[in-house]
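Visitor: I am new here and would like to learn how the descriptions are reached. Could you walk me through a few of them?

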Amino acid sequence: MKSVSDSLKEYARGITGGLLFSLPLLYTMEVWWLGFSIQPYQLLIYIVATFLLLLGYNNYAGVHEDATFKEVIIDSVEEIGIGFILSVLVLWLAGRIDFSEMNINEIMGKTIVETMTVAIGVSVGTAQLGGDTTSGNNDKNDDRNIGGAGHAVLALCGSVLIAGNVAPTDEIPMIAMEISTFRLLMIVLVSLALGTVILFFSNFRKSSKLPSGSLSLAVMFETFTAYVIALITSALMLWFFGRFSDIHFSTAVSEVIVLGLPAVLGASAGRLLIKQQ
Amino acid sequence: MPSKNSETRKKSDSGEFQKNRLEWSVFAISSILLCGLIAYLCYETFTHKPSAPDLQVTYAKDSTAHNPYSYRIYLENHGGETAEDVMIEASLLNNDSVMERSELQIAFSPKRSKREGWINFSINPATADSIQVRVLSYKKS
């Protein structure tokens with residue numbers, strides 16, 4: 001059985017990770033506003049989507065490599081619980097929730113919207129922030145074979161984690177409304193270039209075993225996959241944050257491409273998250 | 001992460017896992033929270049009826065040393081939707097003519113929540129017949 005001090009260390013990593021990745025969102029007013037304008041059914045969808053994402057992440061890259069599915073579920077539930085408590089704490093510290101003045105709807109809305117990103121942060125933090133037993137006895141990690149679905153889940157988590165911090169802000173629609181088509185095209189190219197660089201370096205260790213032609217082909221394939229995942233996540237997040245309501249289709253596309261840049265960084269770095277463990 | 005060592009790995013292989021009391025309590029609290037959240041949201045989803053913002057504004061005299069003619073404004077939204085950019089107007093009336101007008105803008109009035117602010121006058125409200133406070137406008141959030 002794991003000692004209490006080991007568990008405490010693990011929770012400490014989770015809490016610091018959760019705050020590290022999600023404090024920008026806890027300090028963003030557009031997210032607080034979303035908390036009181038969002039409909040309850042949207043929050044339900046949000047919780048379910050986050051839970052599925054956590055299951056995926058914990059299954060493929062979580063802290064307990066040999067975890068059974070039951071353990072993965074337990075870890076995911078714990079992460080949402082920790083995320084909720086952290087959100088209440090930070091929002092209260094920041095004076096964003098006030099139990100005497102505010103209605104329960106407002107408090108719950110704000111907290112639930114924040115909880116989900118904090119939970120993903122907790123999950124990544126627990127798995128990534130310098131676990132003391134990760135060095136030495138885990139040679140198995142490099143050939144931890146997670147397959148295509150696993151990579152897709154990691155890309156999804158990475159893009160939600162990185163793009164989630166800017167998705168709710170007013171800057172995305174502002175950039176999208178004012179941008180020229182030429183710049184939009186450049187953003188697509190820069191996104192693809194960044195994705196390629198990140199994926200190339202994450203594949204670097206394996207590259208010596210592969211002939212150079214098939215490596216570049218593999219990197220190109222992965223870059224496109226990562227970019228498509230990034231665009232899908234961007235679209236879903238923008239829809240969730242109400243950025244698609246009452247705008248023209250072309251502005252919506254611009255928004256997706258603008259958010260696709262941070263999202264593709266996260267999607268390709270999702271691969272690094274597991275490799276560097 | 002002791003689960004990475006061989007001892008725990010064996011346990012996982014045999015389909016068992018052991019957690020200490022701390023972990024079980026964190027899991028228990030988390031499960032209660034998560035179930036509570038889902039139950040609350042399901043309740044809200046089924047009982048929630050979309051309705052337009054329904055703003056009620058009340059006021060009370062609240063003078064201070066530097067603002068002797070100050071009024072405290074209470075804005076309450078009884079509706080099922082948040083109102084954005086709420087403009088509140090307060091007028092001092094004398095024989096149906098406006099002596100002075102003052103405005104207060106409140107960024108958000110969330111559904112079923114209260115917000116407060118102050119309005120100042122330069123004329124002593126005691127010299128007026130009446131004071132009228134009303135919501136001028138607000139937009140959909």
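**Reasons behind the words**

Guide: Gladly! Of the 25 residues of α5(A), 24 are buried, so this helix is largely enclosed by the rest of the structure. Please keep in mind that this is a predicted model.

Visitor: What makes a residue of α5(A) count as buried?

Guide: A residue is called buried if 20 or more other C-beta atoms lie within 10 Å of its own. In chain A, buried residues make up 47% of the 277 residues.

Visitor: How do you know what span to expect for α5(A)?

Guide: The expectation is 1.5 Å a residue, which gives 36 Å for helix α5 (residues 104-128) of chain A. From its first C-alpha to its last, α5(A) reaches 35 Å, close to that value. There is also a bend of about 30° in α5(A), at A:Thr115.

Visitor: Why is α3(A) called oblique to α4(A)?

Guide: Helix α3 (residues 40-61) and helix α4 (residues 69-93) of chain A pack at an angle of about 125°, their axes 9 Å apart. That angle makes α3(A) oblique to α4(A), because roughly perpendicular ends at 115 degrees and roughly antiparallel starts over 145. The crossing of α3(A) past α4(A) is right-handed.

Visitor: What makes β3(B) and β4(B) a pair?

Guide: Pairing needs at least two bridges. Eleven bridges join strand β3 (residues 83-94) to strand β4 (residues 97-109) of chain B, so these antiparallel strands pair. For instance, B:Glu89 has B:Glu103 in β4(B) as its bridge partner. The two strands form a hairpin with two residues between them, and B:Asn95 in the turn has a positive phi of about 50°.

Definitions and conventions:
Residues numbered from 1 in each chain as written. Chains lettered and ligands numbered in written order. Predicted model: local features only at pLDDT ≥ 70, side-chain atom pairs only at ≥ 80, totals over all residues. Helix = DSSP H or I, 4+ residues; strand = E, 2+ residues; numbered from the N terminus. Expected span 1.5 Å × (residues − 1). Bend = angle between axes of the 7 residues up to and from the residue. Buried ≥ 20, exposed ≤ 12 C-beta atoms within 10 Å, placed from the backbone. Axes fitted to C-alpha atoms, helices over the stretch in contact; angles between N-to-C directions. Parallel < 35°, antiparallel > 145°, perpendicular 65-115°, else oblique. Left-handed = near helix turned anticlockwise from the far one by under 90°.
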